[in-house]
2 protein chains.
Amino acid sequence: MSKARNESASRERDIVATAARLFKEKGYRATTLEDIAAAVGMLKGSLYYYIRSKEELLYLVVRDPIREVYSELEAIVAADLPFTEKIARAIANHMTVFHLHYPHIAVYLHDYRHLMDKLEQNVIETPKQYQRLWDTLLRQGIDAGEIRDDVDVTMAGYALLGMCNWAYRWYNPSGRLSPQEVADVFTKIALQGLTRA
Amino acid sequence: MSKARNESASRERDIVATAARLFKEKGYRATTLEDIAAAVGMLKGSLYYYIRSKEELLYLVVRDPIREVYSELEAIVAADLPFTEKIARAIANHMTVFHLHYPHIAVYLHDYRHLMDKLEQNVIETPKQYQRLWDTLLRQGIDAGEIRDDVDVTMAGYALLGMCNWAYRWYNPSGRLSPQEVADVFTKIALQGLTRA
């Protein structure tokens, strides 16, 4: 890659990272392309050299982290492992991607509906598709006799997903617990509950 | 109350309910006072007879449900009951208020930061205050020896709150399960986990 292309790619990464941060802080709708241009030290006109619209920028902010968390969960669901191990890995995968791509994931969870076109064209995975993978995982656990069969599976899926997704409101990438430590607490609660044995 | 005042109060309730529905469907920022006026069959100018601003309307949308869920949780935390019973009641309270005031609660959870002035003046309870009540509840359980002491309390609180709050994304007030049935699943997971006994 030439030096000029390298600089251009690094400039684009800078724009996407800045957009992620501003979308998270101010909300997607409230953030303008002018805000983003100013934060990276460019004129709005120059920004159009890198991106066509605010919606495209939102797409670039969320695309890679969403693919990563989704495809890793697919691999976990397909793996030949005991259910308890799969749940532990699914929760750890969620929290790890969260940690690695924090503002990006938070922007997706708060503002994904502004990407409806891309979601409908299946260019990007929907929350619904991610949820279905969790449901499949839970059904595997029931079929294997590892999970209690006296709870509604859909509700149990929502419970786990809620536990993990809600982190977008409170997660601090430089917080005192690592993503694996957070995942360990969530896994204990999900599998054994809070009651003292 | 005179007939005219009755009509005025009923008109105001109609405006607040319509605002809740539109804020939920389109998002707070994207909804204009014109949209709300049109949906209740008024001119925007007439709307100002009832409310002063969109922000005031957001406040009216969330005020009563938030007070209700918060003060009921306070009573549960203060009650002299075993921890397991308190957790069951806290989760049921959350889901019941959710059910009774669905779009209102969803608007609060998605858009509460547009109410920062009111939150800072303590005119309305913050998510942080609600979370602290859950933390207090969990610490009572640990002190009483009813909860396992090998999980981080703050994380456990976030897990339960996430489970309950995330419902704002999927809850359907006319869905197949009652709020109590949803709460029962969440309580089983919170206390005993998913693993088959």
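How many residues does the contact take from chain A and from chain B? It takes 47 residues from chain A and 47 residues from chain B, with contact meaning heavy atoms within 4.5 Å.

Some ground rules. This is a predicted model, where local features need pLDDT of at least 70, side-chain atom pairs count only at pLDDT 80 or more, and totals for chains, interfaces and linings use all residues. Residues are numbered from 1 along each chain as written, chains are lettered from A in the order written, and side-chain values use heavy atoms, without hydrogens or water.

Now the chain interface. Chains A and B bury about 4500 Å² between them, 58% of it from carbon and sulfur atoms. Buried area is the accessible area (1.4 Å probe) that two parts lose on being put together, summed over both. On chain A, the top three are A:R148, A:W166 and A:L194, supplying 17% of the area that chain A buries against chain B.

Next, charges. There are six salt bridges between chain A and chain B (a Lys or Arg side-chain nitrogen within 4 Å of an Asp or Glu carboxyl oxygen). One of them joins A:D150 to B:K188, at 3.3 Å, N to O.

Last, inside chain A. The domain assignment, automatic or from a database, gives domain 1 (1-51) and domain 2 (61-194). Their centres, over C-alpha atoms, lie 29 Å apart. Nine residues of domain 1 touch nine of domain 2. These two domains of chain A bury about 700 Å², 82% of it on carbon and sulfur atoms. In domain 1, A:A20, A:K24 and A:Y28 lose the most area to domain 2, together 61% of what that side buries. Salt bridges between these domains: zero.
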